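Let's take a walk through this protein together, with the viewer open beside the text. Could you load the coordinates and keep a residue picker at hand?

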Amino acid sequence: MNAYDSDRILDLIKKNNYVPTNDIKEADCYILNTCHIREKATDKVYHEVGRVKKEFRDKKKPIVLITGCVAQAEGEVLLQKEKYIDGVIGPQSYHEINKVISNLEIKDERINETEFETIAKFDQLDLVHNTNDDISSFLTIQEGCDKFCKFCVVPYTRGPEYSRSPLQIISEAKQLVENGCKEIILLGQNVNAYNFKNKKLSDLLYSLSEIKDLQRIRYTTSHPKDFTEDLIEVHGKCKKLMPLLHLPVQSGSTKILKSMNRNHTVEEYLEVINKLKAKNPSIKFSSDFIIAYPGETENDFDKSLKLMKQVEYINSYSFIFSARPGTPAANLGKIQLEIAKERLSIFQKVADKIKSNYRNGLINSYVKVLFENKARSENKYFGRDEHFNSVIVNSNEDLSGMIKTVQINSCNHNTLFGEVVLNDKPKEYAA
Ligand code: SAM
Ligand code: SF4
């Protein structure tokens, strides 16, 4: 979502005659868009600002703005501790960025814009053309969270759940498609909690799939609790909806899920997975796990390992629990770092093994790839298959924006390598 926000900030500030530069020394304004989800976020801000300070040691300083969730959570402290920062702007008030910059251009008055003005933000963004022309583009449809998992800062930094109107979303999707986009990834902290006057995510997916030149749709991140029957149904019906679902579980132990306030059991989570598989047998899953959450015993940890093996996630993101200031879990007794590190290492080894078995199993099979751009080396093109695996092929033809059948012939941990099938009549796609 920060990538989407950064692009939208660039669209906004163009109106103030600012354009992006690749050379930091040329900048009149320096904007650092930040994430607060895990530790060290604030340290990184001071570090980056220190870098800018060094670059501008002998020159007039640029306007320095910190945007995003660190600004929201720690804006006042940042302003107090680092005088080089001119303003902090939270994720729900960045539509005010031009006003902030204009004020700073004329007077030296440091600014804190951290109100939750989500409706005003999207109304304002709606007036600014989305100029992103990536083949695969993000589109935020929902923001904020009312779930209050005990470890998480999002409800405090992004504010309460808010859904944009379908009209705004479809109009922005059409802009993106006109710019050349072929795949849209719908975004939300709880994307499947989307609800605008009883229009749900399922309704939105059907409407978006009617946009003619839009070839693929994905959405992230879902909460298991919000997986309603209508949404499960779309996975069997909507051909443009890709069969890879990121469905974070956090832990394989119902006891830990309860203490995290996740509001579902492991059994209920598996029920959602099974229903989705029944609707679309080719669907695969990725997930997030928190390792060594306070109170996690060896037995609870084993249950996370068991779940990982049972679902066979083709990708998973695992992190040691990070105590976030202001969240309820920050006051719980932490598990010793040594133990946490050991569990993370065991967990990631198992996750890697599952991933590499899956990838090796794809060798010689056929996958459909949407090509996004030229890879760094000459005559190589990068794209993603339906399960969001990165694929690289050799080609003399510019494949950007095309969907081609590719036969996979090798892989490494992150990428599949293959050849475009010329007559495009594969015998069997990888399920
Ligand atoms: N809303 C999504 C959900 O409920 O699954 C997750 C959104 S959160 C922004 C992304 C991921 O960051 C979470 O799934 C979780 O695994 C991880 N995360 C959040 N807070 C964390 C913390 N305090 N320590 C470690 N990982 C954390
Ligand atoms: Fe954070 Fe997701 Fe829980 Fe909301 S549902 S509090 S975003 S982890």
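Val70 counts as buried, because its relative accessibility is 0%, and buried here means under 20%. To find Val70, look in helix H3, which covers residues 69-81. What does Val70 touch, not counting residues up to four places away in sequence? The list is Thr34, Cys35, His36, Ala41, Thr42, Val45, Gly75 and Leu78. For a sense of distance, pick Val70 and Phe371: they are 301 residues apart along the chain, and their C-alpha atoms are separated by 35 Å.

Please keep in mind that this is a predicted model. Stepping back to the whole protein, you can count 13 helices and 19 strands. The radius of gyration is 23 Å, close to the 22 Å that the globule rule gives for 431 residues, so the protein is as compact as a globular protein of that length. Along the principal axes, the C-alpha atoms fill a box of roughly 65 × 55 × 45 Å. Of the 431 residues, 53% are buried. The accessible surface comes to about 20,500 Å², and carbon and sulfur atoms hold 48% of that area. Contacts tell a story about sequence separation as well: among those between residues at least 6 apart in sequence, 72% join residues at least 24 apart.

Next, move to Tyr94, in the loop between strand S3 (87-89) and helix H4 (97-106). Is Tyr94 buried or exposed? With a relative accessibility of 2%, Tyr94 counts as buried. Leaving aside neighbours within four places in sequence, Tyr94 is in contact with Tyr4, Asp5, Arg8, Ile9, Leu12, Ile89, Lys121 and Leu125. Gly68 is 26 residues away from Tyr94 along the chain, and the C-alpha atoms of the two are separated by 8.3 Å.

Two of those contacts of Tyr94, Arg8 and Leu125, lead us to an internal space. A search of the whole structure finds one cavity of 30 Å³ or more. The volume of this largest cavity is about 40 Å³. Which residues line the largest cavity? They are Arg8, Leu125, Asp126, Val128, Asn130, Arg164, Ser171, Glu172 and Gln175. Helix H5 (118-126) and helix H7 (166-178) are the elements that give two or more residues to this lining, and H7 provides the largest share, with three residues. Sorted by class, the lining of the cavity has four charged, three polar and two nonpolar residues.

From helix H5, follow the chain into the loop that runs between H5 and strand S5 (136-140), where Asn132 is found. Asn132 has a relative accessibility of 13% and counts as buried, since the limit for that label is under 20%. Its contacts, leaving aside neighbours within four places in sequence, are Asp7, Ser137, Leu176 and Asn179.

What about open spaces? The second largest pocket has a volume of about 490 Å³. Among the 19 residues that line the second largest pocket, Leu10, Pro20, Thr21, Cys29 and Ile31 are the closest to its centre. Helix H1 (2-14) and strand S1 (29-34) are the elements that give two or more residues to the lining of this pocket. By class, that lining has 11 nonpolar, five polar and three charged residues.

Between H1 and S1 there is a loop that holds Asn17, and its backbone deserves a look. Phi of Asn17 is near 65°, a positive value in a residue other than glycine. Asn17 is exposed, with a relative accessible area of 71%. Asn379 also has a positive phi, of about 60°, although Asn379 is not a glycine. You will find Asn379 in the loop between strand S15 (366-374) and strand S16 (380-384). At 31% relative accessibility, Asn379 counts as partly exposed.

One last backbone stop remains. Where is Thr221 placed? Thr221 is in the loop between strand S11 (216-220) and helix H9 (229-237). The peptide bond leading to Thr221 from Thr220 is cis, with omega near 5°.

Definitions and conventions: Residues numbered from 1 in each chain as written. Chains lettered and ligands numbered in written order. Predicted model: local features only at pLDDT ≥ 70, side-chain atom pairs only at ≥ 80, totals over all residues. Heavy atoms only, no water. 1 Å grid on protein atoms, 1.4 Å probe; cavity = no way out; pocket = protein on both sides within 12 Å on 5 of 7 lines; lining within 4 Å. Points joined across faces, edges and corners; volume = space filled by probe spheres on them. Helix = DSSP H or I, 4+ residues; strand = E, 2+ residues; numbered from the N terminus. Nonpolar A, V, L, I, M, F, W, Y, C, P; charged D, E, K, R; others polar. Rg over C-alpha atoms; globule rule 2.2 N^0.38 Å. Buried < 20%, exposed > 50% of the residue type's maximum accessible area, 1.4 Å probe, protein only. Contact = heavy atoms within 4.5 Å. Areas by Shrake-Rupley, 256 points an atom, 1.4 Å probe, with all protein chains shown as cover.
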